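Here are a few exercises to work through with the model open on your screen. Try each task before you read the solution under it.

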Amino acid sequence: MQSSDPHWWRGATLYQIYPRSFADSNGDGIGDLCGVTSKLDYVSELGVDGIWLSPFFPSPQRDFGYDVSDHYTIDPMFGTMADFDALISRAHALGLKVIIDQVWSHTALEHAWFQESRQSRTNPKADWFVWADPLPDGSCPTNWQSWMGGGTWTWEPRRGQYYLHNFLPQMPDLNFHCSEVQEAILSVGRFWLDRGVDGFRLDTVNYYFHDKALRNNPPKVGDSPATMQRHIYNVCQPENLLFLNQIRTLLDFYPGTFVVGEIGSEDNLTRMIEYTAGTEHLHTAYSFQLLSDRADPQHFQDAMQPWTTGAGASAWPSWALSNHDCARVASRWKLGAPTHQVAQFALALLVSLRGTIFLYQGEELGLTQADLAYEDLRDPLGLANWPLNKGRDGCRTVLPWSHDEEILGFSTVKPWLPIIETHRDQSVDIQSKDPASVLAFAQRAISLRQSNPALRLGGFSVLYEDEACLIFSRSLGEASCFAGFNFSGETRTIPGLCLRGKQPDLVVGGIQFAEDEVTLGPVSAFLISLNPL
């Protein structure tokens, strides 16, 4: 669906769907594309602009879809290409854009490209992956460490060489220094754009290139091998920008489409700006900047300010507070308030941010992080690092649709991850009848963002900030919005702000407006939207 507005994505609200856990249409305990299609009316009623679909391609599922074995088709567990076409058609009929994940930095071990490449040093795809000879003592070519545990090199006896994998050993890295690889990846993108998608979310977009000289990463202080070095040679190479330009050129052939990149870097904000400034690279990018445990005024002010001047002024950020890789925000932020209040506080903050925003499935319900037993884990991260790191399964449990159904309306059989009984009272059918629910609050918050141009596209200006509170304005022409947040567990009074007589559109916790001051109760928030008549 090519849009008449090529900039629709600026300030848009996109809803992330993790298909495995969204809705199961065929009774096998795993969510699928038909399940997604059956629930698109619900997504549309949230008021969002579109959806981001996590991977549904053929995969051995070692990393649950982020290890692709065929870029051109649908994994049978999720359905068929006809099911995907039907999803696109229904979404577009509802006015929803469809953004799909593209995992281009690496493949699954089983991918036909790698199976050919590993056979010899002279085959047609010999250079499609990153191969290197051992050091004279037989050890790995570099000291690079994987975020999923261990080093980044695995021996391949057929070639007598090591291959690079920044993630699991069964996920070899493509060699983007090879022009044929670049063209093959662009062909994948072209295939799905021709299929009608409205854009891509690019997984690990700063991992495409490696240092050809294979220099060792320098050490730093950390609490695990991966954090005990600065990742400056295995990621974020300067050649990345040249390939991002080719991606942008491809997207420009499809008016109204856009591309958002996921960045995991030592300096997330700098890299986000570098990759999105101007019009030659990504349209927008997001990082793990706001997916940490930090919830304080300084953290959010620091995230917003770089986009107001210099190169940041010509760039465009994206933000998420939850996703499939981190603990849910209602549990992650330790603010000392009930989780439903934390969830509403987070939603109010998210819709007030300058940039494109992503809402993860269940975030609109205020779902909490699930605490699973070891025997219920499926995530390789959790299995390898239990109990210090329980992995990502706790944010991937199934969405609760129906309070009274045994499997919460997700399926008719035991799902791939356990049912979380504490989520039963947060089900969609219960919350949709309650005007005080987190779901109702989410709909109001999204509607407010959609109706006020200042929230979608306006500038950002801090009015007050201390260790507990952040108050800022968003403005565009005659439209404006005032947003205030008390991150602390104590009541705070902010002098010098005259908001008396102005009716807040959103309130979390206790708020009082006096003649020349504002009083914010513990973990409270307000948004006041001023639109021109």
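**Exercise 1.** Take helix 5 and helix 6 in this predicted model. Work out how their axes are oriented to each other, and which residues make the contact.

*Solution.* Start with the axes. Helix 5 covers residues 179-194 and helix 6 covers residues 239-252. Their axes come within 10 Å and cross at roughly 25°. An angle under 35 degrees counts as roughly parallel, so helix 5 is roughly parallel to helix 6. As for the hand, helix 5 passes helix 6 in a right-handed crossing.

Next, pick out the side that each helix brings to the contact. From helix 5 you should have Gln-182, Ile-185, Leu-186, Gly-189, Arg-190 and Leu-193. Their partners in helix 6 are Phe-243, Gln-246, Ile-247, Leu-250 and Leu-251. Sort the residues of this contact by class and you get seven nonpolar, three polar and one charged.

**Exercise 2.** Do the same for helix 10 and helix 13: what is the crossing angle, and which residues meet?

*Solution.* Helix 10 runs over residues 339-352, helix 13 over residues 438-451. The two axes come within 9 Å, and they cross at roughly 10°. With the limit for roughly parallel at 35 degrees, helix 10 and helix 13 are therefore roughly parallel to each other.

Now for the contact. Helix 10 puts in His-340, Ala-343, Gln-344, Leu-347, Ala-348, Leu-350, Val-351 and Ser-352. Facing them from helix 13 are Val-438, Phe-441, Ala-442, Ala-445, Ile-446 and Arg-449. By class, that contact splits into 10 nonpolar, three polar and one charged.

**Exercise 3.** Find the largest pocket and describe its lining: how many residues line it, and which lie nearest its centre?

*Solution.* First the volume, which is about 1,500 Å³. Then count the lining: 40 residues, with Trp-147, Phe-288, Asp-325, Leu-381 and Asn-389 nearest the centre. Sorted by class, the lining has 15 nonpolar, 15 polar and 10 charged residues.

Last, ask where the helices come in. Helix 9 (329-332) and helix 11 (380-385) each supply at least two lining residues. Helix 11 gives the most, with three.

**Exercise 4.** Look for enclosed space: how many cavities of 30 Å³ or more are there, and what lines the largest cavity?

*Solution.* You should find four cavities of 30 Å³ or more. The largest cavity has a volume of about 40 Å³. Around it sit Ser-322, Arg-328, Val-329, Ala-330, Ala-343, Glu-363, Gly-366 and Leu-367. That lining comes to four nonpolar, two polar and two charged residues. Ala-343 may ring a bell: in helix 10, Ala-343 is also one of the residues in the contact with helix 13.

**Exercise 5.** Check the backbone of the loop between helix 11 and helix 12 (428-431) at Pro-387 and Leu-408.

*Solution.* Go to Pro-387 and read omega for the peptide bond from Trp-386: omega is near -5°, and the bond is cis. Then move on to Leu-408 in that loop. Phi of Leu-408 is near 65°, a positive value in a residue other than glycine.

How values were computed: Residues numbered from 1 in each chain as written. Predicted model: local features only at pLDDT ≥ 70, side-chain atom pairs only at ≥ 80, totals over all residues. Heavy atoms only, no water. Axes fitted to C-alpha atoms, helices over the stretch in contact; angles between N-to-C directions. Helix = DSSP H or I, 4+ residues; strand = E, 2+ residues; numbered from the N terminus. Parallel < 35°, antiparallel > 145°, perpendicular 65-115°, else oblique. Left-handed = near helix turned anticlockwise from the far one by under 90°. Contact = heavy atoms within 4.5 Å. Nonpolar A, V, L, I, M, F, W, Y, C, P; charged D, E, K, R; others polar. 1 Å grid on protein atoms, 1.4 Å probe; cavity = no way out; pocket = protein on both sides within 12 Å on 5 of 7 lines; lining within 4 Å. Points joined across faces, edges and corners; volume = space filled by probe spheres on them.
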